[in-house]
Amino acid sequence: APTAQGEEQSKGLRRTTAEGPMSVVTFDPFADPEAPLGGPVGAEPHVVTAFGTGNTSPPSPTVPSSPVRKPSFDLAEGEDHAEDTAAASRPTGIPAGAAAGAPDASAVSQIFLGKMYGECRARISVRTLWFKVWKPCFWLLDGRDLLVFRARSDYIDYKLNPFHEKDAREYLVKKRVELSHGIRCLPVTCKRYSSEDLHHFTVEDVRDYGPLTVVKFAHENRALLEDLRSCINRILSLNTGEGHP
């Protein structure tokens with residue numbers, strides 16, 4: 001059987017283990033990497049008191065952490081290196097205006113020369129057709145194709161940006177419709193919405209199993225929409241040799 005002195009020593013050991021503080025050495029990730037963990041040599045480590053022990057003794061002084069250093073690529077306050085950054089990212093031999101996406105005015109006028117184009121609203125994707133949402137668009141008739149973009153600037157980017165790969169260039173075209181056999185335009189109709197009247201018509205692709213909606217166009221001005229429909233029918237007549245009303 002243990003003696004009374006042994007029991008006292010055992011109790012003291014358990015009490016010391018349960019109530020004593022737990023020492024945890026911390027380190028600052030931004031501090032000098034050559035310094036040892038916990039701070040300079042001889043500094044006292046940060047002591048964290050264990051929870052639920054009732055120990056009210058104040059912890060030892062903590063080692064002050066070093067201020068957070070900015071990465072070397074951060075710009076200092078008040079500095080403006082925008083031109084240097086643009087020059088560094090620009091390929092060799094490319095003028096600044098071309099890399100910044102600023103095409104020449106004469107080049108822009110050339111890509112619209114002899115083409116029919118305009119702006120209206122459209123339903124192009126499955127989502128807009130299903131939920132009946134009108135989105136602004138820019139349309140252009142290019143040879144046998146009807147091209148639909150989100151905006152006029154996308155068409156300029158599509159034609160003049162020399163840095164686009166093929167996939168990136170085609171992504172700018174939201175709808176490409178080849179005006180050939182099977183394509184037809186339905187008559188222009190008008191529908192009253194909450195705040196305005198919208199005139200619209202549908203371009204369909206007639207298949208063996210029935211017509212398939214390709215794109216829908218809408219505009220507040222009926223005359224502008226009739227012009228678009230007439231342009232499409234004129235090209236369909238030239239391409240297919242069939243009359244389209």
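Me: Contact means heavy atoms within 4.5 Å. Which residues does T213 contact on that basis, leaving aside its neighbours within four places in sequence?

Reply: L129, T202 and V203. This is a predicted model, in which local features need pLDDT of at least 70, side-chain atom pairs count only at pLDDT 80 or more, and totals for chains, interfaces and linings use all residues. Residues are numbered from 1 along each chain as its sequence is written, and side-chain values use heavy atoms, with hydrogens and water left out.

Me: Why is T213 called partly exposed?

Reply: Its relative accessibility is 34%. Buried means under 20% relative accessible area and exposed over 50%, with partly exposed in between (1.4 Å probe, protein chains only), so T213 falls in the middle class. T213 lies in strand β10, residues 210–219 (strands are DSSP runs of E, at least two residues; helices are runs of H or I, at least four; both are numbered from the N terminus).

Me: How do you know that the span of helix α8 is close to the expected one?

Reply: The helix covers residues 222–240, 19 in number, and reaches 27 Å from first C-alpha to last. The expected span is 1.5 Å times one less than the number of residues, which is 27 Å for α8.

Me: What makes N221 a cap for α8?

Reply: A side-chain oxygen of N221 lies 2.9 Å from the backbone nitrogen of A223, at the N-terminal end of the helix. After α8 comes G241, with a positive phi near 75 degrees.

Me: What covers the buried residues of α8?

Reply: Those residues include L225, L228 and R229. Among the elements covering them are β3 (116–123), β9 (197–207) and β10.

Note on methods:
A polar contact is a pair of N or O atoms within 3.5 Å; within protein, one must be able to donate a hydrogen and the other to accept it, and residues adjacent in sequence count only if both atoms are side-chain atoms.
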